Amino acid sequence: MRRFSTLFATPAATLIATALTASAQPAAPIAPGARIGVLECTGGPSPGLIIGSVTELNCMLTRNGRRAEPYAARINRFGVDLGVTERWVLAWDVYGPSRRLPPGGLAGQYGGAGASASLGPGAASNQLVGGPGDAISLIPLEVSGQQGVNLAFGFEGMEIRPGRF
C-alpha cells in the first residue's frame, strides 16, 4: 500500500505545484495577436465527478465601442475534480490575429490546462487556445473565481457557442 501511495503522490504533488505556479505568474498570450476584448462567464452548480466534470456557462464578450455579444459555453474537465462548485465567475482577455472578429466569431472548440480550489470562496485559472483555426487565445483574468467546496486540476476542453440576448 505504501508503494502505491508513493507512486501516485509524487506525480499528483508535481501536477498541483505546476498548476499553482502557472496560475500565480502573469500570463502572456499564447499566440501573437491583438487584444479583441474580455469574455466574462458565470455558471451555476457543478458537481465534481472525481475524474472530471462538466460546467455550463453563460458568457458575454465585451469590446470597445461594440455592443456586448452573448455566448454559451461548456467546460469539460478531465483530471482530478472533487467536491461541488455552487457558482462560477470566470473572465479572460481574448487575443486573436486581429482586433476584428465577426459576430459569433468566438464560437469553436478550445483546450488547455486548468486548476481551481475553494472552501467557500475560491479561485480558478485556465488558459485556453482554440476557436476558428486555433487562432484565439483566452488568457485568464484575476476576477476568475468560484463558490463551493472543490479541488480540481487537469486538462480542459471548452466549447463556445453563440448565445441569445
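**Notebook: salt bridges, disulfide and surface of a predicted model**

I began with the link between Glu 156 and Arg 77, which form a salt bridge with their closest N and O atoms 2.5 Å apart. Glu 156 belongs to strand β7 (residues 145-162) and Arg 77 to strand β4, so this pair ties together parts that lie 79 residues apart in sequence. I then looked up the accessibility of each partner. Glu 156 counts as buried because its relative accessibility is 5%. Arg 77 has 7% relative accessibility and therefore also counts as buried. I note here that the model is predicted.

**Entry: overall layout**

I next recorded the secondary structure. The protein chain contains one helix and seven strands. Along the sequence, I read the pattern α-β-β-β-β-β-β-β. Of the 165 residues in the protein chain, 39% are buried. I also looked up how contacts are distributed along the sequence: among those in the protein chain with a separation of 6 or more, 73% are between residues 24 or more positions apart. The exposed area of the protein chain is about 9,200 Å², and carbon and sulfur atoms supply 63% of that area.

**Entry: Arg 63**

I turned to Arg 63, which I located in the loop between β3 and β4 (69-96). Is Arg 63 buried or exposed? With 10% relative accessibility, Arg 63 counts as buried, because the cut-off for that class is under 20%.

I then listed the partners of Arg 63. Its side chain makes a polar contact of 2.9 Å with the side chain of Glu 69. The two residues also form a salt bridge, with 2.9 Å between the closest N and O atoms. Both Arg 63 and Glu 69 are buried. In addition, the side chain of Arg 63 reaches the backbone oxygen of Leu 101 at 2.9 Å. Leaving out residues up to four places away in sequence, I found that Arg 63 touches Ile 36, Gly 37, Glu 69, Arg 99 and Leu 101.

**Entry: Arg 66, in the loop of Arg 63**

I looked up Arg 66 for comparison and placed this residue in the loop between β3 and β4. Arg 66 is partly exposed, because its relative accessible area is 44%. I also noted a distance from Arg 66 to Gly 37: the two residues are 29 residues apart along the chain, and their C-alpha atoms are separated by 9.9 Å. Gly 37 is among the residues that Arg 63 touches.

**Entry: the salt bridges as a set**

How many salt bridges does the structure hold? I recorded five. One of them joins Glu 159 and Arg 161, whose closest N and O atoms are 3.8 Å apart. Glu 159 has 25% relative accessibility and so counts as partly exposed. Arg 161 likewise counts as partly exposed, because its relative accessibility is 27%. By contrast, I had found Arg 63 and Glu 69 both buried.

**Entry: the disulfide**

I then examined the cysteines. The structure holds one disulfide. Cys 41 and Cys 59 form this bond, with their sulfur atoms 2.1 Å apart. Cys 41 is in strand β1 (residues 34-43) and Cys 59 in strand β3, so the pair ties together parts that are 18 residues apart in sequence. The angle about the S-S bond is 110°, and the link is right-handed. Cys 41 and Cys 59 are both buried.

**Entry: Trp 88 and Cys 41**

I looked up Trp 88 next, which lies in strand β4. Trp 88 is buried, because its relative accessible area is 5%. What separates the C-alpha atoms of Trp 88 and Cys 41? I recorded 7.7 Å for this pair, although the two residues are 47 residues apart along the chain.

**Entry: a nonpolar surface patch**

I closed with the surface. Ile 50, Ile 51 and Phe 78 form a nonpolar patch there, and together they have about 360 Å² of accessible area. I located Ile 51 in strand β3 (residues 50-62). Ile 51 counts as exposed, because its relative accessibility is 59%. Strand β3 also holds Cys 59 of the disulfide, and that cysteine is buried.

Note on methods:
Residues are numbered from 1 along each chain as its sequence is written. This is a predicted model: local features need pLDDT of at least 70, side-chain atom pairs count only at pLDDT 80 or more; totals for chains, interfaces and linings use all residues. Side-chain values use heavy atoms; hydrogens and water are left out. Patches are made of residues with over 30% relative accessible area and no salt bridge: like charges are joined within 9 Å, nonpolar side chains (Val, Leu, Ile, Met, Phe, Trp, Tyr) within 5 Å. Accessible areas come from the Shrake-Rupley method with a 1.4 Å probe; for residues, only the protein chains shown count as cover. A salt bridge is a side-chain nitrogen of Lys or Arg within 4 Å of a carboxyl oxygen of Asp or Glu. Helices (H or I, at least four residues) and strands (E, at least two) are DSSP runs, numbered from the N terminus. Buried means under 20% relative accessible area, exposed over 50%, partly exposed in between (1.4 Å probe, protein chains only). A polar contact is a pair of N or O atoms within 3.5 Å; within protein, one must be able to donate a hydrogen and the other to accept it, and residues adjacent in sequence count only if both atoms are side-chain atoms. Contact means heavy atoms within 4.5 Å. A disulfide is a pair of cysteine sulfur atoms within 2.5 Å.
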